Amino acid sequence: MMMLTIAGKELKLLFASSLVWIFLAGMQLVLAWVFLGRLNTFLEIQPQLAQLANPPGVTEVIISPVFSVASIVLLAVTPVLSMRLFAEERRNHTLAMLISAPVSTSAIVLSKFMALMIFFCLIPLLIVTLAISLLTGGTLDFGLLGSNVIGLILLAGCFAALGLYISSLTSHPTVAALGCLGVLLCLWVMDIVAIESESAAHHFSLFRHFESFNIGLIDSFSLVFFLLFTITFLVLTIRHLEGERLNG
């Protein structure tokens, strides 16, 4: 019950911010623009696709690219949305009271993580809504659609856990945002380097693992990697805050 209370408080603070509504409007604008652009492309190449024995469907041509763009949108918005979760509490001198309250540190961390994930789930929900609109003139590959939804949620979990950890290290939200953005950009660069060099770095690239889900392949290795990445940074956040609690 306490976890739900803390998560509810964080969600109220999120949606009370005008910046969050600007982000939501911006995300909807970007994703709708990509969706309409891919739809236009699909309609243009439809005569060529009709000549193929096994042509790609609307989900492959239109929806999967939208999920790819959504992963980049997540990279951009995560630092700003996660920066205040602990850093602002520390700056306002309310973190000490929070971690000294009769609730476990893990419950506090998981509550804030849950609130951020609920917000992030709005992104795949928006894309699914766009995808459903295509049912009026075609059919959807629900397996591919489901794979993309799962992949994007797992990727969002990794970003949220990383953002929480970096936010717990400082009392300055701006520093937390820049630190999170820097790490996420490094992970993105790692993905580009892995593609060009085919090095072992691709095993540690979040975006490379997301690509498996993006093409409809729910790879067990990628699934485990996402979960381990998320759990690792959640545990690091809990350990760090536990240390603060013990040291007073």
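A residue is called exposed when its relative accessible area is over 50%. In this predicted model, Phe142 meets that cut-off and is exposed, because its relative accessible area is 52%. Phe142 belongs to helix 8, which spans residues 142–167. Together with Ile132 and Leu135, Phe142 forms a nonpolar patch on the surface. The accessible area of these three residues together is about 300 Å².

Aromatic contacts offer a good next stop. A pair of aromatic rings is described by the distance of the centres and the angle of the planes. The count for this structure comes to 9 aromatic pairs. Among them is the pair of Phe15 and Trp21, with 5.6 Å from centre to centre and 55° between the planes, a tilted arrangement. Both partners are partly exposed: Phe15 has a relative accessible area of 29%, and Trp21 has a relative accessibility of 48%. Phe15 and Trp21 also belong to one aromatic cluster, in which they are joined by Phe119 and Phe120.

Another pair is made by Phe225 and Phe229, whose ring centres are 6.3 Å apart. Their planes meet at 40°, so this pair is tilted. Phe225 and Phe229 are both found in helix 11 (residues 220–246), and because they are 4 residues apart there, about one helical turn separates them. Phe225 is buried, with a relative accessible area of 15%, and Phe229 likewise counts as buried, at 14% relative accessibility.

An aromatic ring also takes part in a contact with a charge. The charged end of Lys112 sits over the ring of Phe86, at 5.2 Å from the ring centre.

Turning to the cysteines, a search of the whole structure finds 0 disulfides. The sulfur atoms of a disulfide must lie within 2.5 Å of each other, and the distances around Cys158 and Cys180 show why neither residue forms such a bond. For Cys158, the closest cysteine sulfur is that of Cys180, and at 12 Å it is too far for a bond. For Cys180, the closest cysteine sulfur belongs to Cys186, and the separation of 11 Å is again too far. Cys158 counts as buried, at 0% relative accessibility. Cys180 is buried too, with a relative accessibility of 0%.

Note on methods:
Residues numbered from 1 in each chain as written. Predicted model: local features only at pLDDT ≥ 70, side-chain atom pairs only at ≥ 80, totals over all residues. Heavy atoms only, no water. Patch = residues over 30% accessible without salt bridge, like charges linked within 9 Å, V, L, I, M, F, W, Y side chains within 5 Å. Areas by Shrake-Rupley, 256 points an atom, 1.4 Å probe, with all protein chains shown as cover. Salt bridge = Lys/Arg side-chain N within 4 Å of Asp/Glu carboxyl O. Helix = DSSP H or I, 4+ residues; strand = E, 2+ residues; numbered from the N terminus. Buried < 20%, exposed > 50% of the residue type's maximum accessible area, 1.4 Å probe, protein only. Phe/Tyr/Trp six-rings, centres within 6.5 Å; stacked < 30°, edge-to-face > 60°. Lys NZ or Arg CZ within 6 Å of the ring centre and 35° of its normal.
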